[in-house]
Amino acid sequence: MSETILIIEDERLLGSELQHHYRKQGYEAIWVENCADARRKLKSRSVDPLLVLSDLNLPDGNGMDLLEENAGNLNGCEWVFLTGYGDVPDSVRALQLGAFDFLTKPCPQEQLDMTVHSALRSAQAQRRLLAGAHDSSQRYQPDSFIGSSPAAAQTRQMLQQLSQVPYSALILTGETGTGKGLAARILHYSGSRAKQPLVELNCAALPKEMMESELFGHEAGSFTGAKGRHRGLMEQADGGTLFLDEIGEMPVDLQAKLLKALEDRKVRRLGGEREISVDIQIIAATNRNLQTDISEGHFRADLYHRLSVFELRLPALQERPSDLHELVPSFLAEFNAKSGKKVSQLSPRVWGMLERYLWPGNVRELRNVLERCVMLSTSNVLPEQWLQLQSAPLPPATAIPVSPTSTAYSPSVPDKQDDDDLICFRLDGSLGLDDMVGDIISRMLEKHEGNVTEVARVLNTTREKVRYRIEKFQLR
Ligand SMILES: Nc1ncnc2c1ncn2[C@@H]1O[C@H](COP(=O)(O)OP(=O)(O)OP(=O)(O)O)[C@@H](O)[C@H]1O
Ligand SMILES: [Mg+2]
């Protein structure tokens, strides 16, 4: 569907010219000549414009009143006024009501086009956010933070509690991959601002020079390369949440500006005169020790105190190894669904490796390891050779199924876990013959340090048959 522009203009020549001009650019340009027609179209939702380009003085009313009537539905639609009579108080009122811009006639076509295109981009961005918000609200609830260890349960309870209270700022700390991004989404989508935008800025991903204009926005020409007007992320997050990821990477001078904006609840675009009120909740995240950064002068103590009204530390995976028994089945299910595989068996040996590993990259690393294993699996047994973890000595290989619940694996299942010559298989249909054969050959190869002749001798078969199965099950 093409993008719609609603033109409200009583000067016939200008109205039809604008309609023609934007139709030529591929937009669905609808032109009405008075407030009543515009009101009808907007109310009945027979048009759903990304942009309303409106005159101010119309034969049956004022374009600004129309904007005011629609103020509750502005998300995903921008308003630009184009008027011959507007004065400063008018433009102030229009912008206070949420108009994108206020231009006076005659306006050079180039300038109008630039404003129109910026406004359309802004409306499209809002729509993308809105479309994602519905799915996200279902996806990001406190229960999405998996784990029943005391540390995980406490985190979940904190997320639950925090999502119920109005806070202006909050800080999430924790090592890389512990779920700070996940926690931020849960806090937003399970809180009262869930239907408003969640806008994210990763302070480590943007060059210092761009961060300020990203955050505060800019007016056309405010610096070299500043084409058109840009609404900053703080403005875009109005009513919702601004997630400042890796806040420790924000330059100190910008930290001061951020603090001022938070205290005043107002932003001023770069090169702009006007202060714009914003109502945002800030969630900041860092894996740095901000106290150290403060003592070294890299982080402002006043901003830290402003943000750390609430501080939530996400526990490292190493502090809650029992949660592996919920995380692993959950990630396996996710990657199985994505790849059409059915990996469901983990040998105690693999479990041992997972449990002993220190997981410096935390849950993210676990996800990545499991994704790799599922993608490269050739049976329903998690292929050990793709774990590629550096681990301590291992228990014997006995495949047992993982269930999607936390009680999936109990290390006491095989009776003689330490007996190196024992292999147990479940005979409940969850393992095929190939899986069992593959597992036997794999165990034998390990026991005999990859010596195929020895494996063939012990299994009373030929080397060719062993080699064939090594190839078939990709055991090397
Ligand atoms: N408790 C959890 N339950 C389910 N998934 C989790 C959990 N913790 C983290 N994850 C998942 O692990 C991945 C990494 O988490 P996330 O990106 O939130 O970490 P982070 O703390 O923001 O890391 P970084 O500091 O590197 O940005 C994500 O896919 C996230 O959904
Ligand atoms: Mg993150």
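Colleague: Let's start with the ligand. How many residues surround ligand 1, and which are the closest?

Modeller: Keep in mind that this is a predicted model. For a ligand, begin with its shell. Here 18 residues surround ligand 1, with Thr176, Gly177, Lys180, Leu182 and Arg364 as the closest. By type, the shell divides into six nonpolar, seven polar and five charged residues.

Colleague: Which helices supply at least two residues of that shell?

Modeller: Map the shell onto the secondary structure. Helix H7 (180-189), helix H13 (324-339) and helix H15 (362-376) each do so.

Colleague: And where does ligand 1 lie with respect to the domains?

Modeller: Ask which domains give residues to the shell. Domain 2 (140-315) and domain 3 (318-412) both do, so ligand 1 lies between them. As for the pockets, ligand 1 takes the space of the second largest one.

Colleague: What polar contacts should I look at?

Modeller: Look for pairs of N or O atoms within 3.5 Å. Thr176 puts a polar side-chain atom 2.5 Å from an oxygen atom of ligand 1. The backbone joins in too: a polar backbone atom of Gly181 is 3.0 Å from a ligand 1 oxygen atom, and a backbone N or O atom of Leu182 lies 2.9 Å from an oxygen atom of ligand 1. On its own, ligand 1 exposes 630 Å², and the protein buries 84% of that.

Colleague: Moving to the backbone, is the peptide bond from Lys105 to Pro106 cis or trans?

Modeller: Check omega. For Lys105 to Pro106 omega is near -5 degrees, and the bond is cis. Pro106 sits in the loop between strand E7 (101-104) and helix H5 (109-139).

Colleague: What about phi at Glu246?

Modeller: Look at the sign. Glu246 is not a glycine, yet its phi is positive, about 55 degrees. You'll find Glu246 in the loop between strand E12 (241-245) and helix H10 (252-264).

Conventions. Residues numbered from 1 in each chain as written. Chains lettered and ligands numbered in written order. Predicted model: local features only at pLDDT ≥ 70, side-chain atom pairs only at ≥ 80, totals over all residues. Heavy atoms only, no water. Near = heavy atom within 4 Å. Polar contact = N/O pair within 3.5 Å; in protein donor to acceptor, adjacent residues only side chain to side chain. Areas by Shrake-Rupley, 256 points an atom, 1.4 Å probe, with all protein chains shown as cover. 1 Å grid on protein atoms, 1.4 Å probe; cavity = no way out; pocket = protein on both sides within 12 Å on 5 of 7 lines; lining within 4 Å. Sits in = over half its atoms within 2 Å of the grid points. Helix = DSSP H or I, 4+ residues; strand = E, 2+ residues; numbered from the N terminus. Nonpolar A, V, L, I, M, F, W, Y, C, P; charged D, E, K, R; others polar. Domains from an automatic or database assignment.
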